[in-house]
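Colleague: I would like a close look at a single part of this model, with its surroundings explained step by step.

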Amino acid sequence: MQLKRVVVTGLGALTPIGNNIEQYWNGLVNGVSGAAPITYFDAAKFKTRFACELKNFDVKDYIDRKEARRMDRFTQYAMIASDEAIKDAELDLDKLNKYKVGVIWGAGIGGLETFQNEVISFAAGDGTPKFNPFFIPKMIADIAPGNISIKHGFMGPNYTTVSACASSANAMIDALNYIRLGHCDVIVTGGSEAAVTIAGMGGFNAMHALSKRNESPETASRPFDAERDGFVLGEGAGALILEEYEHAKARGAKIYAEVIGGGMSSDAHHMTAPHPEGLGVIAVMKNCLENAGIKPEDVDHINTHGTSTPLGDVAELKAISEVFGDHAKNININSTKSMTGHLLGAAGAIEAIASLLAMKHGIVPPTINHSTPDENINPNLNLTLNKAQEKDINVALSNTFGFGGHNACIAFKKHKQ
């Protein structure tokens, strides 16, 4: 059968460097760091005392107070970003066939704060099981797309993908395929996460995964730098409206880009560490290129997973050199996690959005905080260090990897009107 074409017609973002798409792009292109001391709880005794929290954010500016109390923060973020994307796409909800509109969302953890607070409250009591009746509905990872569909009446496929930090990238690939196969006209996709909590910070610290650069939080996320010491935890959401091309064309929708392919693979190596030679990453990018029907030399830009961990950054760049060969030096490579921190299950979504905006504006956001070259990294690679660079982008890839060896890569192509 002939696969249908899929395009992006709406975007929404809620990030540590901007609470909507316009603010997010301004933060990206200007190299703004979202890292700062934690305000959500007293982190004085934690090994890491900073994170990339949302700034100047009050949920009551977006959601009714009573309604917001029934949602964990990760669902609140999903609702806000998806509302922006739906508005941006100018979808006329009364004219859509809502049975062919789905919501496929990503979350690596779900309602961690809700779970944490309920357990702490129970432990502080006398053993009597007093739990909030919204405990389970607030906590479960699938509730974010559930709430989005309920609000808008979308009656197509509705579920959450969970693949740790690759969750929202897997959600986008699922959405791509549902539309390609003709099952849906429109899908709201993306991801959200709200793990800047006592349990989240404590858990990642126990794994030695987080940077401990407490004296200089704003420079702590430093992908590809020789002195990197771990990632910086972030929070927020990214939403994309994926739409069948003829459906979008018929309603005169603006089109950001075409989604031309997606790849998936597994490292099959270690719970948290990548394969040192990047074998799974090599496979996922090759899978994506094949699925998209393009050659390595067609790629102009790669938004890397680039978390700022000693092992992960080297493995990913080795893989890029292997897959793209001599052409690798012509690709603008970057890591926007240097600014946003690592949004876990939402990372794939906000980084895909960053690639789409880079394509739209012809500007690749920088990888900030780089000062010391790593001798293990190919010096011929253009890592877009410290300053945005102008670049005509026809094809962009966005890489996202998760604990457990989950790898996902998605490809976008500039849409020619």
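In which sense, parallel or antiparallel, do strand E6 (residues 186–193) and E7 pair, and over how many bridges?

Modeller: E6 and E7 pair in the antiparallel sense, over eight bridges. Before going further, please keep in mind that this is a predicted model, in which local features need pLDDT of at least 70 and side-chain atom pairs count only at pLDDT 80 or more, while totals for chains, interfaces and linings use all residues. Residues are numbered from 1 along each chain as its sequence is written, and side-chain values use heavy atoms, with hydrogens and water left out. The element names come from DSSP runs numbered from the N terminus, where helices (H or I) have at least four residues and strands (E) at least two; two strands count as paired if DSSP finds at least two bridges between them.

Within the pairing you asked about, Gly 190 has Ala 239 of E7 as its bridge partner, and Gly 191 has Gly 238 of E7. E7 also pairs with E1: these two strands run antiparallel and are joined by eight bridges, with Leu 14 standing opposite Ala 237 of E7. As general background, the strands of a sheet pair through backbone hydrogen bonds, either parallel or antiparallel.

E7 is largely enclosed by the rest of the structure, because nine of its nine residues are buried, where buried means under 20% relative accessible area, exposed over 50% and partly exposed in between, for a 1.4 Å probe and protein chains only. Gly 236, Gly 238, Leu 240, Leu 242 and Glu 244 point one way from E7, whereas Ala 237, Ala 239, Ile 241 and Glu 243 point the other way, and all of them are buried.

The wider setting is an open sheet of 10 strands in the order E5-E4-E6-E7-E1-E8-E14-E13-E9-E10, with mixed pairing. Strand E5 (158–161) and strand E10 (332–334) stand at the edges, and each has a single partner strand, so one side of each is left without a neighbour in the sheet. From one strand to the next the twist averages 25°, where axes are lines fitted to C-alpha atoms (for helices over the stretch in contact) and angles run from 0 to 180 degrees between N-to-C directions. Helix H7 packs on this sheet, touching E1, strand E4 (101–106), E5, E6, E7, E8, strand E13 (395–402) and E14, and the direction of H7 makes about 175° with that of E6; contact here means heavy atoms within 4.5 Å.

Two members of E7 return in the largest nonpolar core, a term for a set of buried Ala, Val, Leu, Ile, Met, Phe, Trp, Tyr and Cys residues joined through side-chain atoms within 4.5 Å. Of the 44 residues in this core, Val 8, Leu 11, Tyr 24, Leu 240, Leu 242, Val 259 and Phe 412 touch the most other members. The elements that give two or more residues to this core are strand E1 (6–14), helix H1 (21–29), helix H7 (167–180), strand E7 (236–244), strand E8 (257–266), helix H13 (347–361) and strand E14 (406–413), and H13 gives the most, with nine residues. Leaving aside its neighbours within four places in sequence, Val 8 is in contact with several residues, including Leu 240, Ile 241, Leu 242, Val 259, Leu 356 and Phe 412. Another core, of 30 residues, lies apart from this one and has among its members Ala 68, Phe 74, Met 79 and Ala 89.

Further along the sheet, E13 gives a useful companion to E7. E13 is mostly covered, with eight of its eight residues buried: Val 395, Leu 397, Asn 399 and Phe 401 point one way, and Ala 396, Ser 398, Thr 400 and Gly 402 the other. E13 runs parallel to E9, to which three bridges join it, and His 301 stands opposite Ala 396 of E13. E13 and E14 run antiparallel and are joined by eight bridges, with Val 395 standing opposite Lys 413 of E14. The hairpin of E13 and E14 has three residues between the strands, and in it Gly 404 takes a positive phi near 100°.

Most residues other than glycine have a negative phi. Ser 308, although it is not a glycine, has a positive phi of about 85°; this residue lies in the loop between strand E9 (301–303) and helix H11 (310–324), and Ser 308 is buried, with a relative accessible area of 0%.
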